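The following exercises concern helix geometry, helix packing and solvent exposure. Each task is followed by a worked solution.

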Amino acid sequence: MEIQTVDIQISTANWITITNVYAPPVRTCVEDRQLPDWNHLGTPSQGIILGDFNSHSPAWDPIQPQDERGSTLLDWSIDTQLEILNDGSPTRVNKATGGESSPDVSFASSKLASKCTWQVSDDLGSDHTPIVIRLDLKVRTLPKAQSRLIWRKQGVDWNAFQTVVEDKFKALHKEHLTFDARAKRFNDIVMQAANLCIGKVRTSHRPRPWLTPELKAAIKLRNRLRRSVGENREDWLSACANVHKIARATKEAAWRDTITDLEKEPNSNKAWKFIRSLNGTPDSNCPNEALQVGNKVLTDPRDKANAFAKQYASVSRYHISHSDRATIREAKAILRLPLPLPGSTHDGYAAITEQELDSAIQHQRANGAAGADEVTPRFIKALGPLARAELLSLFNWSFQHAAVAQSWRTAIIIPLLKAGKSARDIAAFRPISLTSCIVKLLERILVTRLHHLAERHGWISPNQAGFRANYSCEDQLLRVTQDISDGMNLKPSERTIIALLDFCKAFDKVWRERLITVMARKRVPLVFIKWTAAFLRHRIARVQLHGARSSPVIMRQGLPQGSVIAPFLFLIFIDTVNDVVNPPAEISMYADDIALRARHRNKLEAQRAVQRALDNVARWSNEHKMVLNPDKSEAAFFSTDTSEAAWSPAISIEGRNLRHNPTPRLLGLTLDRTLSFRSHLEHVCNRTTSRCRLLACLASKEWGWSKKLLLRIYRAMQLSIINFAAPAWHPWLSESAFQQLERAQNAALRIVTGQHRTTPVEALRLEAGICSVRTGSNVICLTAFERAQRLPDSHPCRIAATGNTAHRLRRNSWRNHVTDLLPLIASSVTPRAMICTARPPPWDPFSTDVRVDMALPEPGPARTATAIDTIRHLPGLITIYCDGSASGGTTNGGASAIVTTGDPAHPIILATLQQRGAPSTSSFEEELRAASLAIGWINQAALTAATNICSDSQSMLRALASGNPRIRSALPTASAEITWQWVPGHQNIPGNELADQAAKEATTLVSPASQISIHSAKNVIRRSVLDPPIRHERTRHAYRLLNRQLEEDSITNRADAVLLARLRSGHCTLFNAYRSIVDPAVDPACHRCGHPCDDLEHWLDCPALAGTRLRLLGGPTTDISSISADPLGLIALARHCP
């Protein structure tokens, strides 16, 4: 028996209980005929009990005879003083016989029975009819939450918005306003223009597109016939079947239309939101669910919002002890120090530049949510020059005077229900803060500066991999798993013990005064410290839930969730924990995830080392007011000794033992005692396979998304799971384990390509353009190794790669695995260029006068003349033409720069610069090398006058215009103002032709080759590490001339793409030979000419189809190797095949 109970609030202290029951029907087996115990239903003093009891009694069913279950149910209702609400109307029709009955019974307590009205309703398609019970009660109802008002996104005239904003700023008079007043004025002007030019609309729910007039008429007929089912049973059954048929067809058609519309949707965010909803991500906070807070049950949205606000504010309160006051006094003394005068350029003090503002605006997500001020990123991106100038002025005043407007320190908190959690529990919600998009821009500018200074001065330990460029969780996982493996490979082997620590609400618990002192001790410039203090002071938040907002609360401590700068501040705050962990224990960190580990031959010694480190961390936590959670922290033990399989480490936090977890989860990777990764493999395969249902929702063999889009979904939703942190666990897997991953991938690729289960795996991968999991893993592992060789010695990935432990166990490891793979690429990736971890100061001026577009006529003399005339009108007196060369775009690089003056039609050459490039390279890198040569000559000549640099590489110039940090690091800072100009290549422009020739000559220079970058090394690895040659002969020939771009452009129909894939593989129901494999009763002979084997090869040579092939393919016979050359012709032949 299944029971579900719901409590509904009628007034402040008045509730009714509704219990829904399902009692399965009585079976013939003796054990199934046991009578239910109705006492499990309870006896509510004020409530309703209803459901399908599958019991009969004249008290509610005058049609069917009374049974034993009905008798006991009637006796129970009398004993509990429950009254029957049924009026004798039948509630079910037996479709097999047309007989009616009432197995659905409704009871009400004596207090409610007189206020209840019971009746059956129209058919909904089930053999049971719906039952409607109305209660005549005065109910305290909550106001219906209206749909949200959001800024309009479609049909917005952004030019008009920009014009209105610019006009308002142009009309401003000079006033002496406070900083907060200036910030408010800026916000008011933007909002006035938004209300005038954009406006708001309410979000609406889509109607049911499948409920067509035809379906409504069929439902109406079915319901009418049910009322006289005894006389019209056959007609009613026919009407039911017709409703089911029409509903299925209309729903399928509506789904196809939805999928088709999404495929064409220009806004990819809408498509991904739809995909996430298919994957089970909750999109509702259950507005009708009561919230349990202590002994109180809350139903009013405002009461709920206030409860959340009180909860979040309470987390940010501390008890300040006497010893803590010294830290507070130290922080106050730091903040009283005078700021340097505006204009100082020392270590990040320089004024914020227009380039920094433009870069921050460019990188701000256009669809980001607005904060309490309602200014969205789209508004900021549409601002004109006057508005941006005012914004830049505001930002500089804020930065240089440590002033942060209160509107910038006010947040809206949205509690989001976690997947699989109960909406009744306040802890089941994840708070998301929406802060001002204006201050987020300033945060982005400042955090870019802070990251630069932190990496330059070493403020953050190499043990920390969170929120840092050139660091990732994969680095930490690889460091940990390789270290454990190294211990196992020693002789005698060493055991490893790990303690995984969890902080309670780490971001919300950051002690702000301690943060100030930590920043000062790390010598963070005072201007950043003071601005941070102003940014964190008096932060106000309001919780928004189901259309209601809470009263404002002050967040006294902690860092604001959703802030751009908060993750960096947290790294600074927690970094000092590294100082208390001493050898032999080691620490690995990813933001607030901390893993302490120690290795030793004696497991008890390793345990003692971890315990000492943990005790130190616990003391550090108390001093910094962070709270370690012993319930969520855990310990793990690693050893290959089977006699130690049952041993558990005894690790504790302040006397509370940590739980021993034999399969701990570290940063998303499930470990185990012997590093077999069986648990993680099972988890990965289950997740990957379950998401195949998502792919199946997006396409079938006849309709759905294109193969290209489905592959994007597969790579994002499934392959990313398989390859997550692959170097940290793939090398340890056995061959059978890899086969499980291959099967998981193959299941997804069959849906993507639409091919049959029997299709050869090689054809499946070639059709999808996806390599095997094993090959992909080798590529990732080698790439990680090459990256490690180019990183600093202290980097965790470099440490994992440079260990010298000899491998002796049968189970592999990452370092040993890549050693076996290195011969495939070793000669093509050296000499290695180090990864540049030091970026140029973001506040340094950098030329952004990049002119990529040029209105040119068709190729010919006129095109050349136009380009030369454009160069002639550039501002500089000296023009440098730079060009790069690479054989095939991948090898033997060379770069050159030709320095000229005078008329570009007859230039005077001042200097010719050449440099041999890297053995493995790219055209882009050589173009960048040529640009570096040009700037180097400018600096060597100490030029300060405007200079022109011309290049025929649009990709390099566009990257330069975007402010790409990689480009900025590769190019030196120029002493002169540079104008970059794109020129068309190979158009007889004298200077450009000379540069092109010089770059080709530079590839043969005798000088040492340039070092190979990690980007070029990745390309070498992808070209060198491939799947084995195709063994299946038909597959090898069928895909030999495959042109993917041609097929993407020419085949726009899912059905045609699937048919082509099946034809190429030979596993197609068009061929009797394949049908006979599926069904042995089918004759494999050709039904057209009698050939004994009707397969792909015969189909392309069948004499009965010679005329059709001649007409559609241009010849009476077709070689199997050329079928991919004419995909449309092949599809047409299949469609015309008798």
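**Exercise 1.** How many of the 17 residues of α24 are buried?

*Solution.* The model is predicted. A residue counts as buried under 20% relative accessible area. By that criterion, 15 of the 17 residues in α24 are buried, and the helix is mostly covered.

**Exercise 2.** Compare the span of helix α24 with the expected value.

*Solution.* Helix α24 comprises residues 773-789. The expected span is 1.5 Å times one less than the number of residues, so 17 residues should cover 24 Å. The end C-alpha atoms of α24 lie 24 Å apart, in agreement with that expectation.

**Exercise 3.** Characterise the packing of helix α19 against helix α21.

*Solution.* Step 1: α19 covers residues 678-690 and α21 covers residues 707-722; their axes come within 9 Å and cross at roughly 165°. Step 2: angles over 145 degrees count as roughly antiparallel, and α19 is therefore roughly antiparallel to α21. Step 3: the crossing of the two helices, α19 and α21, is left-handed. Step 4: the contact involves Val684, Arg687 and Thr688 from α19, which meet Gln718, Ile721 and Ile722 from α21.

**Exercise 4.** Is Ser720 buried, partly exposed or exposed?

*Solution.* Ser720 belongs to helix α21. Its relative accessible area is 34%. Partly exposed residues fall between the 20% and 50% limits, so Ser720 is partly exposed. The C-alpha atom of Ser720 is separated by 9.3 Å from that of Thr688, 32 residues away along the chain.

**Exercise 5.** How far apart are the C-alpha centres of domain 4 and domain 5?

*Solution.* Domain 4 spans 678-824 and domain 5 spans 848-1010. Their C-alpha centres are 41 Å apart.

Note on methods: Residues numbered from 1 in each chain as written. Predicted model: local features only at pLDDT ≥ 70, side-chain atom pairs only at ≥ 80, totals over all residues. Heavy atoms only, no water. Domains from an automatic or database assignment. Helix = DSSP H or I, 4+ residues; strand = E, 2+ residues; numbered from the N terminus. Buried < 20%, exposed > 50% of the residue type's maximum accessible area, 1.4 Å probe, protein only. Axes fitted to C-alpha atoms, helices over the stretch in contact; angles between N-to-C directions. Parallel < 35°, antiparallel > 145°, perpendicular 65-115°, else oblique. Left-handed = near helix turned anticlockwise from the far one by under 90°. Contact = heavy atoms within 4.5 Å.
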